[in-house]
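Hello,

Here is the structure I promised to pass on to you. Have a look at it first, and then read my notes below.

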Amino acid sequence: MEVTYIGHACFVIRFSTGLSVCFDPYSKGSVPGLSDCNAVADEVFCSHSHGDHNDSASVGSPDEAYSGPAPVVEIIESYHDEVQGAKRGKNNITIIKCGGETAVHMGDIGCELSDSQIEKLKGCDLLMIPVGGFFTINCKEAFELCGKIDPKVVVPMHFSGESFGYDQISGREEFVELIENAGGRAVLNGGSSVSALPEEKNLLLLDPLRIL
């Protein structure tokens with residue numbers, strides 16, 4: 001599985017079958033410090049209707065259409081906040097299985113999950129999870145949720161850096177520290193993309209590809 005972090009909550013994943021999927025493309029100018037999304041993928045999934053997550057029209061199609069086995073897609077409905085959507089509405093968690101690989105994109109998850117919801121996410125190959133807080137769960141909450149899901153590889157998203165992201169949200173440093181202190185996961189800095197997931201349980205740190 002290839003993973004490219006476009007920025008914010010946007011990723012392009014390429015499964016071993018050749019299927020490419022874009023999650024949560026952001027609209028032009030919606031995320032401070034990031035240039036246009038300019039992603040290309042066979043399929044697009046958006047977790048909710050906010051402009052920094054749902055610009056599916058900006059995602060181009062590959063030159064050759066995908067002709068491999070169809071993915072199995074499951075959507076888990078959740079909330080963008082801790083008060084059942086009263087502040088920011090609903091959020092979709094997207095599970096995609098293809099070619100024996102499973103990727104989970106948590107969207108802007110802002111609430112606790114039930115045991116039955118967590119059961120569907122357990123043991124996934126790749127977990128993309130927000131850590132910045134304010135609009136989503138924070139670093140500590142994300143760490144605790146990762147402990148319940150126990151993915152093979154976890155990638156933090158929806159955080160701020162020195163030159164990008166919203167002022168209200170934090171960086172990923174606390175999340176990294178919590179993972180390191182817990183042990184059991186190697187920490188890999190992968191730049192903006194990796195061509196394959198590491199074999200061992202891993203915290204994969206990716207930097208946005210589209211920083212201005």
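**The seven-stranded sheet**

Valine 154 has leucine 203 in strand 12 as its bridge partner. Please keep in mind while reading that this is a predicted model. The two strands involved, strand 9 (residues 153–157) and strand 12 (residues 202–205), run parallel and are joined by 2 bridges.

Both belong to an open sheet of 7 strands, in the order 5-6-7-8-9-12-10 and with mixed pairing. At its edges you will find strand 5 and strand 10 (186–189), each of which pairs on one side only. On average, neighbouring strands of this sheet are turned by 20 degrees against each other, direction ignored.

Two helices are worth a look here. Helix 2 (residues 139–149) lies across strand 8 (126–130) and strand 9, and runs at about 160 degrees to strand 8. Helix 3 (residues 173–182) also packs on the sheet, where it touches strand 9, strand 10 and strand 12. The direction of helix 3 makes about 155 degrees with that of strand 12.

**The five-stranded sheet**

There is also an open sheet of 5 strands with mixed pairing, ordered 4-3-2-1-11. Strand 4 (43–45) and strand 11 (193–194) each have a single partner strand, so one side of each is left without a neighbour in the sheet.

Strand 1 (residues 2–7) is a good place to start. With strand 2 (residues 10–14), strand 1 pairs in the antiparallel sense over 5 bridges; with strand 11, the pairing is antiparallel too, over 2 bridges. Threonine 4 shows both partnerships: valine 12 stands opposite it in strand 2, and serine 193 is its bridge partner in strand 11.

Strands 1 and 2 form a hairpin, with 2 residues between them. If you check the turn, note histidine 8, which has a positive phi of about 60 degrees.

**A loop residue**

One last spot to look at is glycine 60, in the loop between strand 4 and strand 5 (72–79). Is glycine 60 buried, exposed or partly exposed? Its relative accessible area is 28%, and because that value falls between the 20% and 50% cut-offs, glycine 60 counts as partly exposed. Leaving aside residues up to four places away in sequence, glycine 60 touches Ala39, Val40 and Ala41. From proline 156, glycine 60 is 96 residues away in sequence and 25 Å away in space, C-alpha to C-alpha.

Best wishes

Technical notes: Residues numbered from 1 in each chain as written. Predicted model: local features only at pLDDT ≥ 70, side-chain atom pairs only at ≥ 80, totals over all residues. Heavy atoms only, no water. Pairing = 2+ DSSP bridges. Helix = DSSP H or I, 4+ residues; strand = E, 2+ residues; numbered from the N terminus. Buried < 20%, exposed > 50% of the residue type's maximum accessible area, 1.4 Å probe, protein only. Contact = heavy atoms within 4.5 Å. Axes fitted to C-alpha atoms, helices over the stretch in contact; angles between N-to-C directions.
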